[in-house]
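I am opening this notebook page to keep a record of what I looked up, item by item, with the model in front of me.

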There are 4 protein chains.
Amino acid sequence: MAKRCVPVTVRWSDMDAFGHVNNVQVLRLLEEVRVHAFEDLRDHGGPSLLESGVVVARHEVEYLAPLVWRLAPVPTDIWITAVGGASFEVGYEIYDAVDGAAGGGGGGPAAGGERTVYVRAATTCVAYDLATGAARRLSATEREVLESWTDEPVPFRRRSR
Amino acid sequence: MAKRCVPVTVRWSDMDAFGHVNNVQVLRLLEEVRVHAFEDLRDHGGPSLLESGVVVARHEVEYLAPLVWRLAPVPTDIWITAVGGASFEVGYEIYDAVDGAAGGGGGGPAAGGERTVYVRAATTCVAYDLATGAARRLSATEREVLESWTDEPVPFRRRSR
Amino acid sequence: MAKRCVPVTVRWSDMDAFGHVNNVQVLRLLEEVRVHAFEDLRDHGGPSLLESGVVVARHEVEYLAPLVWRLAPVPTDIWITAVGGASFEVGYEIYDAVDGAAGGGGGGPAAGGERTVYVRAATTCVAYDLATGAARRLSATEREVLESWTDEPVPFRRRSR
Amino acid sequence: MAKRCVPVTVRWSDMDAFGHVNNVQVLRLLEEVRVHAFEDLRDHGGPSLLESGVVVARHEVEYLAPLVWRLAPVPTDIWITAVGGASFEVGYEIYDAVDGAAGGGGGGPAAGGERTVYVRAATTCVAYDLATGAARRLSATEREVLESWTDEPVPFRRRSR
């Protein structure tokens, strides 16, 4: 319920010499999704995390299928997986719906259908005080909004050793 | 012993609007380190992993201190943490030596000194057959060379939930 | 008449350490505009210039006002300024309408109002045969479609010496 | 005489899906060359143009031959073509020496040999006051140093209409 979908624009230049969206550029796409979701947070009465300061402390990314460049934006789910005192974790999934790349249309409910998942990822964000340059605690409002977005942990397939 | 140091050039444009090297660009730097190390592998009688095909299946990155742009390349250790039948894991550490950013000079051994670590990361690479577009097994030579580079697991501080 | 407007998405990361959209990333935005316009050409019965092969031979770019990052896409006009036997020139203007995207407000009709122009640019594209790796002549269909898009030369302010 | 050569590192990711260094990334390489030359200026007793503020007002770039990625840095000449009251023009040439970096062999002295030129470009830089956010005049020292670097105009092959 708390997941939201942010369609993200892939640039032609996100492809590398192998003709697929480069694995590093996938993180760039996720940054865009995060920026849009954080601004969306402000529109919903929350604080702007961009302005109040947030720093990336950790990324974990799993590439499940090659993402191919296309003109239409790619749907990406973004949600919160955990909220701590001074940090929170973001989950993402880049995918295509079962009936096609560009919004499908295709009638029918995807009964039994499964989405094609290209990427799953998690980011640990640490609240940061721009003035002092140090970590800070999340405000009550920030915690409240972030918790209202919380959903399942990212279902990673493999974990590093 | 098996770790090797690849100095990597940071571009001015790797900084983002916050004035630090952007977290996504850190992955770009690690890609460069990997490419140089893989070519180095060829020079030492091994295969060129770039040519025979390798795909990134997973990244895990931990940001420990802000990396600031400078003209001189930043030392980065790269090594292998595990070799499987069709994949292998790469470890990295971006750091500065204890006596300074640009190669120090400073005579003496850094007795008791510790390096400043900016980033630790791990990448899972899957061998890939460019012709068939499918995963493939590592060759005996590839395994041999990769195993000779093997060193400790990446000492991550925190793991995601 | 022949100019078309392609709204282009600016990424947060297009800003550099000075907090403005980096001058090089402006060229990246123009590449995206070009790619979208070229695909649009295909949709209108023309050839896909991306597939049949086009190479950039020259860019000229004039930066007139700092472009600031925002969530909403930035309107960009693109048109053709000249068509030759094996090449053609593209013109662009990145702007905000007078009561525009960034700050809007302004009620009044833009009677006599002027747009804020951030960038004007021109690109020389050379038709290219992907198979032979050599320049080629534009086909009759390509010329016809490109000519139907032709409009005024780019009104650059200053020229290099 | 006043031209200086700055070898610039090309990243694997500077290639696009066509397998050549992307035309926009060429501008990125030139930015790096400029940054290094400007810092070099400081080392020679001049001001740091990066710190005192310089803004790019115009680029003109000519692509003469495809630049292919390689591990070794690519030699790039940079020099000043004109100095005005509040601005100056930079010229560049990216090239390989006649018995050059990429494949060398050669042997013989380059008697009468010519370099392979990949790119020629010019950038107009405007002095900028970071505090007031407005253009400013070049200082006497800045003019003096820049004039000592002055050399021929960039020998562009074609000019736009």
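The entries below go from one chain's fold to an interface, then to a helix and a single residue.

**Entry 1: chain A overall.** I note at the outset that I am working with a predicted model. I counted the secondary structure of chain A and found three helices and six strands, which, read along the sequence, follow the pattern β-α-α-β-β-β-β-β-α. I then looked at burial, and of the 161 residues in chain A, buried ones make up 53%. Looking at contacts in chain A with a separation of 6 or more, I find that residues 24 or more positions apart account for 70% of them.

**Entry 2: chain A against chain D.** I turned next to the contact between these two chains, to which chain A gives seven residues and chain D also gives seven residues. The area buried between chain A and chain D comes to about 570 Å², and carbon and sulfur atoms give 78% of that area. On the chain A side, I see that A:Trp12, A:Asp16 and A:Ala17 supply 70% of what the chain buries against chain D, more than any other three residues. Sorting the chain A side by class, I get four nonpolar, two polar and one charged residues. I also searched for polar links across this interface: the rule finds zero salt bridges between chain A and chain D, and the count of residue pairs in polar contact, both at pLDDT 80 or more, is zero as well.

**Entry 3: helix α3 of chain B.** Which residues of this helix are buried? In α3, residues 140-148 of chain B, I find B:Glu142, B:Val145 and B:Leu146 buried. These three lie on the same side of α3(B), because they cover an arc of only 100 degrees around the axis. I recall that an α-helix has 3.6 residues a turn, so residues three or four places apart point the same way. On the face of α3(B) turned away from the buried side, I find the exposed residues B:Ala140 and B:Glu144.

**Entry 4: B:Cys125.** I located B:Cys125 in strand β5 of chain B, which spans residues 116-129. Is this residue buried or exposed? B:Cys125 counts as buried, because its relative accessibility is 0%. Leaving out residues up to four places away in sequence, I list its contacts as B:Arg34, B:Phe38, B:Val54, B:Val55, B:Ala86, B:Ser87, B:Phe88 and B:Val90. I also checked B:Gly53, which is 72 residues from B:Cys125 in sequence, with a C-alpha to C-alpha distance of 9.9 Å in space.

Definitions and conventions: Residues are numbered from 1 along each chain as its sequence is written. Chains are lettered from A and ligands numbered from 1 in the order in which they are written. This is a predicted model: local features need pLDDT of at least 70, side-chain atom pairs count only at pLDDT 80 or more; totals for chains, interfaces and linings use all residues. Side-chain values use heavy atoms; hydrogens and water are left out. Contact means heavy atoms within 4.5 Å. Buried area is the accessible area (1.4 Å probe) that two parts lose on being put together, summed over both. A salt bridge is a side-chain nitrogen of Lys or Arg within 4 Å of a carboxyl oxygen of Asp or Glu. A polar contact is a pair of N or O atoms within 3.5 Å; within protein, one must be able to donate a hydrogen and the other to accept it, and residues adjacent in sequence count only if both atoms are side-chain atoms. Ala, Val, Leu, Ile, Met, Phe, Trp, Tyr, Cys and Pro count as nonpolar, Asp, Glu, Lys and Arg as charged, and the others, Gly among them, as polar. Buried means under 20% relative accessible area, exposed over 50%, partly exposed in between (1.4 Å probe, protein chains only). Helices (H or I, at least four residues) and strands (E, at least two) are DSSP runs, numbered from the N terminus. The arc is that of the directions from the helix axis to the C-beta atoms.
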